[in-house]
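Colleague: I should like to learn how to read the pockets, the ligand site and the backbone details of a model. May we take them in turn?

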Amino acid sequence: MDETFASQLLAQHATPMYLFDGEALQQRVSYLRSKLPQGVGLCYAIKANPFLAGYLAPLVERLELCSPGEYRICQEQNLSQSQFVVSGVYKTPEFIQEILPFSPAIFTVESMEQFQLLHRTAHDSGSPVSLLLRLTSGNQFGLEGDEILQILSEHKDDPHLHFKGIQYFSGTQKTSLKRLQRELNTVDEFMQTLETLLGHPMEELEFGPGFPVGYYVDDTFQEDEFLDGFSQILQNMTFSGTITLELGRSLVAHCGTYFTKVVDAKRNHKQNYAIVDGGMHQLVYYGQSMAMKLPPIRHITSHSPGNEESWNICGSLCTINDILVKQLPLPSLHVGDVLAFERAGAYCMTEGISLFLSRDLPAVLYRHPDGTVEELRPHLETHPLNAPCHKK
Ligand SMILES: Cc1ncc(COP(=O)(O)O)c(C=O)c1O
């Protein structure tokens with residue numbers, strides 16, 4: 001982002017705000033596709049940033065949704081239901097009954113109970129349903145391998161059930177290729193067992209590799225090398241069906257910037273403190289602990305540089321934990337300056353304690369690839385959410 005654009009943006013829009021960049025998003029998808037083997041599909045897990053679902057829909061094969069709220073976000077933008085994978089451990093009968101009979105969406109199956117529900121709804125409505133059976137990675141998600149074998153043995157010929165494939169989610173920020181290789185070997189062997197049972201390979205493996213994002217300036221993560229290694233693992237697999245990678249963080253982290261303004265500056269006990277109008281309720285980086293790590297930050301100021309000093313950048317909440325960065329070296333800092341935190345496109349916005357202190361939610365802006373900026377959400381007051389509904 002160049003300085004002129006940042007100044008124009010700040011002249012027109014109040015902080016705190018998020019900006020998501022459409023060109024960066026497109027480049028990111030192209031980069032990932034260029035590094036992955038041909039034919040590997042991409043599924044965007046919209047929880048990483050629901051605002052980007054509509055912009056990513058034309059760039060990826062699938063959208064993964066995990067709640068009625070996420071479903072509505074996609075539905076209200078008229079996104080194609082044939083792209084939807086409805087996932088998640090908690091699917092109510094009402095939610096399934098609302099979607100299944102009218103939609104080509106795929107459903108994941110996370111338990112025997114969920115399977116019964118989907119099975120019943122498909123039968124009762126007379127509408128076949130496509131299923132991805134989720135194999136557990138050893139937590140509350142998904143089914144045991146034996147349960148998947150049982151479901152397939154008992155129901156493989158049911159005309160209302162289309163067993164499309166297996167879903168497997170490894171975790172997030174997975175930096176170890178060795179661990180991913182071990183998991184993919186296990187999944188690959190399991191796909192072979194299913195092939196023997198069915199007499200043909202399953203159509204698809206939807207795999208969430210949890211590709212990592214290097215969030216901090218001293219991060220040594222070598223993405224090119226990592227993706228080359230991962231692609232090699234995929235190419236060595238015996239499974240011959242389609243592989244779709246279910247990704248959130250790695251697709252969208254790089255396209256986001258969070259802008260927050262310095263509203264006060266002081267020195268307490270020989271430490272410099274800058275108070276900003278945002279804070280930890282609006283900016284959460286994975287792995288950030290006690291504000292010890294340094295994300296990439298751009299300092300936007302109209303002042304000339306002075307002597308470098310270290311600043312503790314603190315947010316606007318009433319808690320001593322609300323520190324965004326400790327000891328940030330800056331060549332002078334003034335009230336009115338803006339700090340732009342980069343790589344803030346994934347989860348940063350939704351994982352914070354945004355209702356604490358009833359502060360407004362930041363505005364959300366999108367910069368289209370042609371350079372025009374659209375406001376996707378204005379600043380929103382949260383105090384009505386923290387007060388009894390009936391008191392006026
Ligand atoms: C089932 C599933 N798929 C995909 C993702 C996205 O993971 P990531 O953002 O690490 O790519 C998640 C994240 O929680 C998930 O639960």
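Colleague: Where does the largest pocket lie with respect to domain 1 and domain 2?

Modeller: One asks which domains give residues to the lining. In this predicted model, domain 1 (3–17 + 254–386) and domain 2 (22–253) both contribute to the lining of the largest pocket, so the pocket lies between them. Its volume is about 360 Å³.

Colleague: How many residues line the largest pocket, and which lie nearest its centre?

Modeller: The lining comprises 23 residues, and A45, K47, F169, T172 and Y347 are those nearest the centre. At least two lining residues come from each of β7 (161–169), β9 (242–247) and α10 (249–252).

Colleague: How many residues of that lining are nonpolar, polar and charged?

Modeller: The lining of the largest pocket holds 8 nonpolar, 8 polar and 7 charged residues. The second largest pocket, with about 280 Å³ of space, is lined by 13 residues, and Q288, M290, A291, N321 and I323 are the closest to its centre. The lining of this second largest pocket has 9 nonpolar residues, 3 polar and 1 charged.

Colleague: Which residues surround the ligand?

Modeller: Here the criterion is a heavy atom within 4 Å of the ligand. The surrounding residues are A45, K47, E64, R134, F169, T172, G210, E246, L247, G248, R249 and Y347. Among them, A45, K47, F169, T172 and Y347 are also the residues listed as nearest the centre of the largest pocket.

Colleague: Which polar atoms of K47, R249 and Y347 lie by an oxygen atom of the ligand?

Modeller: One separates side-chain from backbone partners. For K47, a polar side-chain atom is 3.4 Å from a ligand oxygen atom. Y347 also uses its side chain, with an N or O atom 2.5 Å from an oxygen atom of the ligand. R249 instead places a backbone N or O atom 2.8 Å from a ligand oxygen atom.

Colleague: What share of the ligand's area does the protein bury?

Modeller: One begins with the ligand taken alone, which exposes 400 Å². The protein buries 89% of that area.

Colleague: Turning to the backbone, which residues does a cis peptide bond join?

Modeller: One reads omega for the bond. The cis bond joins T15 and P16, with omega about -10°. P16 belongs to the loop between α1 (3–12) and β1 (17–21).

Colleague: Is phi of N78 positive or negative?

Modeller: Phi is read together with the residue type. N78 is a residue other than glycine, yet its phi is positive, near 55°. N78 sits in the loop between α4 (68–76) and β4 (84–86).

Definitions and conventions
Residues numbered from 1 in each chain as written. Predicted model: local features only at pLDDT ≥ 70, side-chain atom pairs only at ≥ 80, totals over all residues. Heavy atoms only, no water. 1 Å grid on protein atoms, 1.4 Å probe; cavity = no way out; pocket = protein on both sides within 12 Å on 5 of 7 lines; lining within 4 Å. Points joined across faces, edges and corners; volume = space filled by probe spheres on them. Helix = DSSP H or I, 4+ residues; strand = E, 2+ residues; numbered from the N terminus. Nonpolar A, V, L, I, M, F, W, Y, C, P; charged D, E, K, R; others polar. Domains from an automatic or database assignment. Polar contact = N/O pair within 3.5 Å; in protein donor to acceptor, adjacent residues only side chain to side chain. Areas by Shrake-Rupley, 256 points an atom, 1.4 Å probe, with all protein chains shown as cover.
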